[in-house]
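Here is a short briefing on one protein model. Keep the structure open while you read, and find each residue as it comes up.

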Amino acid sequence: HHLKVKVVMVLGHEACGAVKAAQLPQEKLEQEPTELEQALKNIKAGLDIKGLQHIQDLRAHDREAVTSNVKRQVERLTRDRGIMSKVR
């Protein structure tokens, strides 16, 4: 809220390690340091894990996971009153 920037850009990239890690089982995520665990769980919450399981092609699976993460992050930003109060 205090960055005083005019543009917020949300980007994703193929072969994102964080998005890949977020797809690990819950038990694996809980073995990570607390901050990383929370970040991965936030990413995981935005992924359509069941839908992703039906995508056999690895590149297509990766692309869809990254895309859904970007969409989720944009949705989260649009629910932030502080950010949205700056949007004209």
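**Helix α3: two sides**

In this predicted model, helix α3 buries Glu37, Leu40, Ile43 and Lys44. These residues cover an arc of only 125° around the axis, which puts them on the same side of α3. On the other side of α3, Thr34, Glu35 and Ala45 are exposed.

- What covers the buried residues of α3? The cover includes α1 (17-22), α2 (26-29) and α5 (58-78).
- Helix α3 runs from residue 34 to residue 45, which makes 12 residues. At 1.5 Å a residue, α3 should span 16 Å. The C-alpha atoms at its ends are 16 Å apart, so the expected span and the model agree.
- Within α3, Glu37 and Lys41 form a salt bridge. Their closest N and O atoms are 2.6 Å apart.
- Glu37 and Lys41 sit four residues apart in α3, about one turn of the helix.
- Is Glu37 buried or exposed? Glu37 has a relative accessible area of 14%, under the 20% cut-off, so Glu37 is buried.
- Lys41 has a relative accessibility of 22%, so Lys41 counts as partly exposed.

**The whole protein**

- The protein has six helices and zero strands. Along the sequence, the pattern reads α-α-α-α-α-α.
- The C-alpha trace spans about 40 × 30 × 20 Å along its principal axes.
- How much of the protein is buried? Of its 88 residues, 22% are buried.
- Take the contacts with a separation of 6 or more. Residues 24 or more positions apart account for 53% of them.
- The protein exposes about 7100 Å². Carbon and sulfur atoms supply 55% of that area.

**Helix α5**

- Helix α5 has 21 residues. From its first C-alpha to its last, α5 reaches 30 Å. That is close to the 30 Å expected at 1.5 Å a residue.
- Which residues of α5 are buried? They are His61, Asp62, Ala65, Val66, Ser68, Asn69, Val70 and Arg72.
- These buried residues of α5 pack against α1, α3 and α4 (49-53).

**Salt bridges between Glu14 and α5**

- How many salt bridges does the protein have? The count comes to three.
- The side chains of Glu14 and Arg59 meet in one of them, at 3.6 Å from N to O. Glu14 lies in the segment before α1 and Arg59 in helix α5, so the pair ties together parts that are 45 residues apart in sequence.
- Glu14 also forms a salt bridge with Arg63, and the closest N and O atoms are 3.3 Å apart. This pair links distant parts of the chain: Glu14 is in the segment before α1, Arg63 is in helix α5, and 49 residues separate them.
- Together, Glu14, Arg59 and Arg63 are linked in a network of salt bridges.
- How exposed are the members of this network? Glu14 is partly exposed, with a relative accessible area of 39%. Arg63 also has 39%, so Arg63 counts as partly exposed. Arg59 has 55%, over the 50% cut-off, so Arg59 is exposed.

**The segment before α1**

- Ala15 lies in the segment before α1. Ala15 has a positive phi of about 65°, although it is not a glycine.
- Ala15 has a relative accessible area of 64%, so Ala15 is exposed.
- Val8 also lies in the segment before α1. With a relative accessibility of 54%, Val8 counts as exposed.
- Which residues make the nonpolar surface patch? Leu3, Val5 and Val8 make it, and the patch covers about 310 Å².

**Val8 and Ile83**

- Where is Ile83? Ile83 is in helix α6 (residues 81-84).
- Ile83 has a relative accessibility of 27%, so Ile83 counts as partly exposed.
- Ile83 and Val8 are 75 residues apart along the chain. Their C-alpha atoms are separated by 9.3 Å.

Definitions and conventions
Residues numbered from 1 in each chain as written. Predicted model: local features only at pLDDT ≥ 70, side-chain atom pairs only at ≥ 80, totals over all residues. Heavy atoms only, no water. Helix = DSSP H or I, 4+ residues; strand = E, 2+ residues; numbered from the N terminus. Expected span 1.5 Å × (residues − 1). Buried < 20%, exposed > 50% of the residue type's maximum accessible area, 1.4 Å probe, protein only. Arc of directions from axis to C-beta. Contact = heavy atoms within 4.5 Å. Patch = residues over 30% accessible without salt bridge, like charges linked within 9 Å, V, L, I, M, F, W, Y side chains within 5 Å. Areas by Shrake-Rupley, 256 points an atom, 1.4 Å probe, with all protein chains shown as cover. Salt bridge = Lys/Arg side-chain N within 4 Å of Asp/Glu carboxyl O.
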